[in-house]
Amino acid sequence: MTLLPPSRLHDSLQAPVLGSIGFLNEVMGRFPDAISFAPGAPHPDTLPEPALQRYTDRFLRHLTEQGASPERARRMLFEYGPSRGIINDIVAEALRRDHGIATTPEDLVVTVGAQEGMLLVLRALFGSADDILAVADPCFVGITGAARILGLDVVPVAESTQGIDLEGLERTCRDARRAGRNVRALYVAPDFSNPGGGRMPQACRHRLLELAEREDFLILEDNAYGFTATTGSELPPLKALDTGRRVIHIGTFAKVAFPGARVGYVVADQRVGPQGGATRPLAAELATLKTMVTVNTSPLSQAVIGGMLLEHGGSTATLGRHKADLYQRNLSCLADALDRHLAGAALRGVRWNRPEGGFFIRVQLPVRADAALLEVSAAKYGVLWTPMEQFYVGGGGDRQIRLSCSYLDLQEIEEGVRRLAAFLTKEIAT
């Protein structure tokens, strides 16, 4: 038997961030009867009815309306297809209609979920060992994990309910220059970030774009949860405010449609080419990289997503409205249950935020929230949660937990918080 010592494998495989999702799945598997606030997965009731053929037929009709023969349209679903995607025109129109993002199909690449988009963008942008990726802290493990795989240096910038710490970000850029390096890009999720739950005010969005221009870095905008904003409270994405092509916009249909399709997209309209010569969009470079990663995104999956969008007037907002209402209901239920069950004097040192949207609430504890404490919570009280330490690049978060409301019913949320209150009261009350 061939034995492969860990020391002979890439050292990113030993990074804790790469094992974080597997760890939670393992715990959930051992405690199947526990109520789990851990997964940030869409609610089962938001999954589409078994009408995939109808959506595919709708997309095929769209292709023929665009001039393709019925035979050519049908073949497109069974061939490899272009690496940049086959629903780019539909997605570009939805972004214009719903978010005010003026883009073209050529400036967009359809990816295997947002995760592939992040990996491709990082690989394309970071061409020098002097380049640094700045991330909002706490941060989604998908981007930090991708950076770790690629061997990129990451620096944290604090994030609060009022958005990214712009003064801290400016200091980070200045410190990098003094060290002979540069902040190449900043990753941020302006709307209800995972796991922080914060939302960047519009004034902060404008100031961030001004800082990016002044300090010469790009912004990687993750827009997975923006659709959960209540009607009338929507804010423009950074990309909609971007007049200097500083923003690369990364999106996904996992939440607004369904995750099994594994369809995401990247808007990358930055120009690539010699000064004064012919140029092409960064999206074309990402598509070239994609040919060596996944070749293309499944045409069948794209057809289903394209058909779903077309059935909803070409609008992600319309497609996601029912889902957004459900998540707003669940988020309010979770916050109200925490107010009822965890506000007692016996739970001093326990506090939580109340986000306006998204899937997550953070709870501060007076003790370390580690794997051992999670084991007690699961085994004795039948409730699971996510330790926050894994989301902090700069250290910290070891006394915080993340609760997700997305996957549970109202009764499960209520019972889960009741169990959580019993656990906290009996195990860590101070």
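**A colleague's note on the predicted model**

1. Let's start with how the chain is tied together. Among contacts in the protein chain between residues at least 6 apart in sequence, 73% join residues at least 24 apart. Please keep in mind as you read on that this is a predicted model.

2. On the overall build, the protein chain holds 14 helices and 16 strands. Its C-alpha atoms fill a box of roughly 65 × 60 × 55 Å along the principal axes. For 430 residues, a compact globule would be expected to have a radius of gyration near 22 Å, and the protein chain agrees because its value is 22 Å.

3. Next, the balance of inside and outside. Of the 430 residues in the protein chain, 53% are buried. The accessible surface amounts to about 18,700 Å², and carbon and sulfur atoms account for 53% of that surface.

4. Now to the interior, where the largest nonpolar core has 42 residues. Which of them touch the most other members? They are Phe59, Ile87, Leu108, Phe253, Ala257, Ile305 and Met308. If you want a few residues to click on while you look around this core, that list is a handy place to begin.

5. Several elements supply two or more residues each to this core: the helices α2 (52–65), α3 (70–76), α4 (88–99), α11 (299–311) and α12 (316–341), together with the strands β2 (108–111) and β9 (264–267). The biggest giver is α11, with six residues.

6. Ala257 deserves a look of its own. Leaving aside residues up to four places away in sequence, Ala257 touches Thr46, Pro48, Ile305, Met308, Leu319 and Lys323. Two of these partners, Ile305 and Met308, are themselves on the list of residues that touch the most other core members.

7. There is also a second core, separate from the one above, with 38 residues. Among its members are Leu24, Ala38, Tyr381 and Leu424.

8. Turning to the surface, Leu4, Leu9, Leu13, Leu18 and Ile149 make a nonpolar patch of about 450 Å². Leu9 sits in the segment before α1 (16–30). Is Leu9 buried or partly exposed? Its relative accessible area is 37%, so Leu9 counts as partly exposed.

9. Two cis peptide bonds are worth checking by eye. One runs from Asp137 to Pro138, with omega near 10 degrees, and Pro138 is placed in the loop between β3 (131–137) and α6 (141–150). Another runs from Asn194 to Pro195, with omega near 15 degrees; here Pro195 lies in the loop between β6 (182–188) and α8 (202–215).

10. Asp216 is a backbone detail to note: it is not a glycine, yet it has a positive phi of about 60 degrees. You will find Asp216 in the loop between α8 and β7 (218–222). With a relative accessible area of 54%, Asp216 is exposed, because the cut-off for that class is over 50%.

11. Arg262 also has a positive phi, near 55 degrees, in a residue other than glycine. Where does Arg262 sit? It is in the loop between β8 (247–252) and β9. At 37% relative accessibility, Arg262 is partly exposed. The neighbouring element β9 (264–267) is one of those giving two or more residues to the largest core.

Terms used:
Residues are numbered from 1 along each chain as its sequence is written. This is a predicted model: local features need pLDDT of at least 70, side-chain atom pairs count only at pLDDT 80 or more; totals for chains, interfaces and linings use all residues. Side-chain values use heavy atoms; hydrogens and water are left out. A nonpolar core is a set of buried Ala, Val, Leu, Ile, Met, Phe, Trp, Tyr and Cys residues joined through side-chain atoms within 4.5 Å. Buried means under 20% relative accessible area, exposed over 50%, partly exposed in between (1.4 Å probe, protein chains only). Helices (H or I, at least four residues) and strands (E, at least two) are DSSP runs, numbered from the N terminus. Contact means heavy atoms within 4.5 Å. Patches are made of residues with over 30% relative accessible area and no salt bridge: like charges are joined within 9 Å, nonpolar side chains (Val, Leu, Ile, Met, Phe, Trp, Tyr) within 5 Å. Accessible areas come from the Shrake-Rupley method with a 1.4 Å probe; for residues, only the protein chains shown count as cover. A salt bridge is a side-chain nitrogen of Lys or Arg within 4 Å of a carboxyl oxygen of Asp or Glu. The radius of gyration is taken over C-alpha atoms; the globule rule is 2.2 Å times the number of residues to the power 0.38.
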